[in-house]
Amino acid sequence: MELAMIGLGKMGLNMAVRLTRGGHRVVGYARTAANVEEAVALGVDGAHSLEETVGKLKQTPRVVWLMVPSGAATTETIEKAAALLNKGDIIVDGGNSNYKDTIRHAQILEAKGVDFVDCGTSGGIWGLSEGYSLMIGGQPEVTEKMRPIFETLAPNADKGWGRVGPHGAGHFVKMIHNGIEYGMMQSFAEGFSLLKAKKDFGLDLAQVSHIWQDGSVVRSWLLDLAARALDEDASLDEIKPWVADSGEGRWTVFESIDLDVPAPVITLALQMRFASRDEENFSARMLAALRNQFGGHAVKKD
């Protein structure tokens, strides 16, 4: 098959290359010319405008796969792409859109006769070699048309991908996936922090991580990545303790509130990311001041 890949950041570029190596023709477009040039050097057919990208697609239905930032950028790109497509062509949103936006996008495209698929995509920078986990929302018949693409992107043709429900379901499942990821990452971070703090034992954190990789109930890909990070820098001194969030953790917490489903671990993991960015940490200053006021406890001055 052939398709257009709109957005050639790290994930989009790697997906385009994996598809190209799998025998598919990919026309790649990004606003940054250097990204297009890099894609061309790796075997992707480059284009320098959305119009040129769609114009290079010869097979029908034409497939336009978006890997652009969620929100206004995705909406704008969907609207521009739809204006260039015909009835029966397909737009795939493989980014991290809010599932509520995805449902709205599907309704807009349905009115135009353009088919739509939302595809929650996990795999990060390792997807090129290991494959991607694909959580797909949309009509079954449209998903089936895309099967060769999904089979190539996934770790195996019959593993790591699947249609999970109607429009919006793919991005909803990916959102919850990322919420779970927040909790798992926070748990590993806290555990290794406790190991590091037990100075009496002089624990080798990298050694412990490798022991856990085999036979342990906590063995996982995240643990493998933790071991890799500790092998590279056992103290992690060169990494600033500032943790971003993509937005999907927040949406997961909002959903837990809307559905009256408790999610304390995911919620606290999100809050800890916020805490990592608070260089002033006024709340801690207030706590120290209160202890001093009611109990005369000493405070440390900057």
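I take a residue as buried when its relative accessible area is under 20%, as exposed when it is over 50%, and as partly exposed in between. The model I examined is a predicted one.

**Entry 1. Phenylalanine 150 and tryptophan 161**

I looked up phenylalanine 150 and found a relative accessibility of 0%, so this residue counts as buried. I then checked tryptophan 161, which at 18% also falls under the 20% limit and therefore counts as buried.

I next turned to aromatic pairs, with ring centres within 6.5 Å as the criterion. By this rule I counted four of them. For phenylalanine 150 and tryptophan 161, I noted ring centres 5.4 Å apart and planes at 35 degrees, so I entered the pair as tilted. Phenylalanine 150 belongs to helix α8 (residues 147-153) and tryptophan 161 to strand β8 (residues 161-165), so the pair ties together parts that are 11 residues apart in sequence. I also recorded that Trp65, Phe150 and Trp161 make up one aromatic cluster.

**Entry 2. Phenylalanine 192 and tryptophan 212**

I looked at phenylalanine 192 with tryptophan 212 and found another tilted aromatic pair, with 5.5 Å from centre to centre and 50 degrees between the planes. Phenylalanine 192 sits in helix α9 and tryptophan 212 in helix α10 (residues 205-212), so this pair ties together parts that are 20 residues apart in sequence. Are the two partners buried or exposed? Phenylalanine 192 has 10% relative accessibility and so counts as buried. Tryptophan 212, at 28%, counts as partly exposed.

**Entry 3. Helix α9 against helix α11**

I describe two packed helices by the angle between their axes and the distance between the axes. For α9 (residues 169-197) and α11 (residues 221-232), I found that the axes come within 11 Å and cross at roughly 45 degrees. That angle makes α9 oblique to α11. I entered the crossing as right-handed.

Which residues of α9 and α11 meet? From α9 I listed Met184, Met185, Phe188 and Phe192, and from α11 Leu222, Leu223, Ala226 and Leu230. Sorted by class, the residues of this contact are eight nonpolar, no polar and no charged. Phe192 thus appears in my notes both in this contact and in the pair with tryptophan 212.

**Entry 4. Helix α10 against helix α11**

I repeated the check for α10 and α11, whose axes come within 9 Å and cross at roughly 155 degrees. An angle over 145 degrees counts as roughly antiparallel, and that is how α10 runs relative to α11. I noted a left-handed crossing.

On the α10 side, the contact is made by Leu205, Ala206, Ser209, His210 and Trp212; on the α11 side, by Leu223, Ala227, Leu230 and Asp231. I sorted these residues into six nonpolar, two polar and one charged. Leu223 and Leu230 of α11 are on this list and also on the list for the contact with α9.

**Entry 5. Aspartate 231**

I followed up aspartate 231, which I located in helix α11. Its relative accessible area is 49%, so I entered it as partly exposed. Leaving aside residues up to four places away in sequence, I found that aspartate 231 touches Ala206 and His210. Aspartate 231 and histidine 210 are 21 residues apart in sequence, with 9.7 Å from C-alpha to C-alpha.

**Entry 6. Backbone features in loops**

I checked the peptide bond from threonine 60 to proline 61 and found it cis, with omega near -5 degrees. Proline 61 is placed in the loop between α3 (50-55) and β4 (63-66).

Where does leucine 236 lie? I placed leucine 236 in the loop between α11 and α12 (248-258). Its phi is near 55 degrees, a positive value in a residue other than glycine. With 35% relative accessibility, leucine 236 counts as partly exposed.

I made a matching entry for asparagine 281, where phi is near 50 degrees, again positive in a residue other than glycine. Asparagine 281 is found in the loop between α13 (264-276) and α14 (282-295). Its relative accessible area of 32% makes asparagine 281 partly exposed.

Technical notes. Residues are numbered from 1 along each chain as its sequence is written. This is a predicted model: local features need pLDDT of at least 70, side-chain atom pairs count only at pLDDT 80 or more; totals for chains, interfaces and linings use all residues. Side-chain values use heavy atoms; hydrogens and water are left out. Axes are lines fitted to C-alpha atoms, for helices over the stretch in contact, and angles run from 0 to 180 degrees between N-to-C directions. Helices (H or I, at least four residues) and strands (E, at least two) are DSSP runs, numbered from the N terminus. Angles under 35 degrees count as roughly parallel, over 145 as roughly antiparallel, 65 to 115 as roughly perpendicular and the rest as oblique. A crossing is left-handed if the near helix is turned anticlockwise from the far one by less than a right angle, and right-handed if clockwise. Contact means heavy atoms within 4.5 Å. Ala, Val, Leu, Ile, Met, Phe, Trp, Tyr, Cys and Pro count as nonpolar, Asp, Glu, Lys and Arg as charged, and the others, Gly among them, as polar. Rings of Phe, Tyr and Trp (its six-membered ring) pair if their centres lie within 6.5 Å; planes under 30 degrees apart count as stacked, over 60 as edge-to-face and the rest as tilted. Buried means under 20% relative accessible area, exposed over 50%, partly exposed in between (1.4 Å probe, protein chains only).
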